[in-house]
Amino acid sequence: MEKSNSKPMSAVSVQNVSKSYGKVKALKNISFEAGTGEIFGIIGPDGAGKTTLFRILTTLLLPDSGQVTVDGYDVVKDYKEIRQRVGYMPGRFSLYQDLSVEENLEFFATLFNTTIQENYHLIKDIYQQIEPFKTRKAGKLSGGMKQKLALCCALIHKPTVLFLDEPTTGVDPVSRKEFWEILKQLKQQNISILVSTPYMDEASLCDRIAFILDGEFPEINTPAKIIEEFNEKLWAVKADHMYKLLLDLRENKHITSSFTFGESHHITVDDTLTPDSLKKQLEDKGHTHVDVYPIKPTIEDCFMKITEKKQHE
């Protein structure tokens, strides 16, 4: 087996990949590249095509068309080689629930003809956090502990590329933060990481991100660059009756978009409005304790803008 000679610096190369399930088009002509030692995030809602893409990248599913290489190897021709070189954490906890923490880890090390001791340096920082529970059955672990064990099992054979499909879904905020700190440490060891997530706040932790919507990538860039390209006036609006406020905002012809973000509504506006003039208009409609103020965009604001643009195409 020979590595592909095209762009060897790319850990993952995807060119014009499509995949359908009957009449449902899960992926539509996807193309992107992820570099060596990069944390590449794929950000999008449930049903957007993230898991289908990851299954193709990990040789568990064949694409209908297009070409994919991982670490220079073709996912169709060289799938056996790729399976020795990648680590994969699927969205659902898929380890053996009736085996202990230590037994699961030993099992996966044996599958790849290695031992826990041989690659212990890769998992040391993670495993030390779950080692006090090494005799506990995996099914009895908390959500955060399960994810750490799954990551240890995905790393035990020293992969060059790590695929994490929504690894922090259903995990508490503290464990989510710890998990991303672990990923930063793995990046320092030159492991390429592709991670999918529905959480917009995790996007800023990636080197580059791709938004995925209905099986397409409408945007690929660094988080900072995506935010920099947001060129509309963005305000936050609050009042006592937030649902009625949202309805009134959406009826205003000078407001180009309006979405609920936590305790406020985020709106984009044309040049005819000012915060004071909008506040007066809302007060005239009976709203009380109205607050309107400019804000800086977040990744989520950018995603909503791209989503709305795609819906109008």
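**Helix packing, pockets and cavities: a chat**

Colleague: I see that H3 and H4 pack at an angle of about 150°, with their axes 11 Å apart. Why is this pair called roughly antiparallel?

Modeller: Bear in mind that we're looking at a predicted model. The cut-off for roughly antiparallel is an angle over 145 degrees. H3 and H4 come in at about 150°, so they count as roughly antiparallel to each other. Their crossing is right-handed.

Colleague: Which residues of H3 and H4 meet there?

Modeller: From H3 you get Val101, Glu102 and Leu105, and they meet Ile123, Tyr127 and Ile130 in H4. By class, that contact has five nonpolar residues, no polar ones and one charged.

Colleague: What makes Tyr127 fit into a contact with no polar residues?

Modeller: That's down to the classes used: Tyr counts as nonpolar, and Glu as charged. Tyr127 therefore goes in with the nonpolar group, while Glu102 is the charged residue.

Colleague: H3 also packs against H5. How do you know whether that pair is parallel or antiparallel?

Modeller: Go by the angle again. H3 and H5 pack at about 20°, with their axes 8 Å apart. Anything under 35 degrees counts as roughly parallel, and that makes H3 roughly parallel to H5. The crossing of H3 and H5 is right-handed. The contact itself is made by Val101, Asn104, Leu105 and Phe108 of H3 with Leu149, Cys152 and Cys153 of H5.

Colleague: How do the residues of the contact of H3 with H5 divide by class?

Modeller: Six are nonpolar, one is polar and none is charged. Cys counts as nonpolar in this scheme, so Cys152 and Cys153 go on that side. Asn isn't on the nonpolar or charged list, so Asn104 is the polar residue.

Colleague: What about H4 and H6: why are they roughly antiparallel?

Modeller: Helix H4 (residues 120-130) and helix H6 (residues 173-188) pack at about 165°, with their axes 10 Å apart. That angle is over 145 degrees, and H4 and H6 are therefore roughly antiparallel to each other. H4 passes H6 in a right-handed crossing. On the H4 side the contact uses Leu122, Asp125, Ile126 and Gln129, and on the H6 side Glu178, Ile182, Gln185 and Leu186. Those residues divide into four nonpolar, two polar and two charged.

Colleague: On to the empty space. How many cavities of 30 Å³ or more does a search of the whole structure find?

Modeller: Two. The largest cavity has a volume of about 40 Å³.

Colleague: What makes that one a cavity and not a pocket?

Modeller: A cavity is a space where a 1.4 Å probe fits but cannot get out, whereas a pocket is open. Lining the largest cavity are Gly144, Gln147, Lys148, Pro167, Thr168, Val171, Ser175, Arg176 and Phe179. H5 and H6 each supply at least two residues of that lining. It divides into three nonpolar, four polar and two charged residues, and Gly144 goes with the polar ones because Gly counts as polar.

Colleague: And which residues are closest to the centre of the largest pocket?

Modeller: The closest of its 21 lining residues are Gly87, Tyr88, Pro90, Phe108 and Phe112. The largest pocket has a volume of about 430 Å³. Strand S6 (86-89), helix H3 (101-111) and helix H5 (143-155) each give at least two residues to its lining. Phe108 is one of the residues in the contact of H3 with H5, too.

Colleague: How do the linings of the largest and second largest pockets break down by class?

Modeller: The largest pocket is lined by 13 nonpolar, six polar and two charged residues. In the second largest pocket, at about 310 Å³, the lining has six nonpolar, no polar and seven charged residues. Nearest the centre of the second largest pocket are Pro218, Glu219, Lys305, Ile306 and Lys309. Glu and Lys count as charged, so Glu219, Lys305 and Lys309 belong to the charged group. H10 gives the most to this lining, with five residues.

Conventions: Residues are numbered from 1 along each chain as its sequence is written. This is a predicted model: local features need pLDDT of at least 70, side-chain atom pairs count only at pLDDT 80 or more; totals for chains, interfaces and linings use all residues. Side-chain values use heavy atoms; hydrogens and water are left out. Axes are lines fitted to C-alpha atoms, for helices over the stretch in contact, and angles run from 0 to 180 degrees between N-to-C directions. Helices (H or I, at least four residues) and strands (E, at least two) are DSSP runs, numbered from the N terminus. Angles under 35 degrees count as roughly parallel, over 145 as roughly antiparallel, 65 to 115 as roughly perpendicular and the rest as oblique. A crossing is left-handed if the near helix is turned anticlockwise from the far one by less than a right angle, and right-handed if clockwise. Contact means heavy atoms within 4.5 Å. On a 1 Å grid over the protein atoms alone, a cavity is a set of points where a 1.4 Å probe fits but cannot get out, and a pocket is an open set with protein on both sides within 12 Å along at least five of seven lines; lining residues have an atom within 4 Å of a point. Grid points are joined across faces, edges and corners, and a volume is the space filled by probe spheres set on the points.
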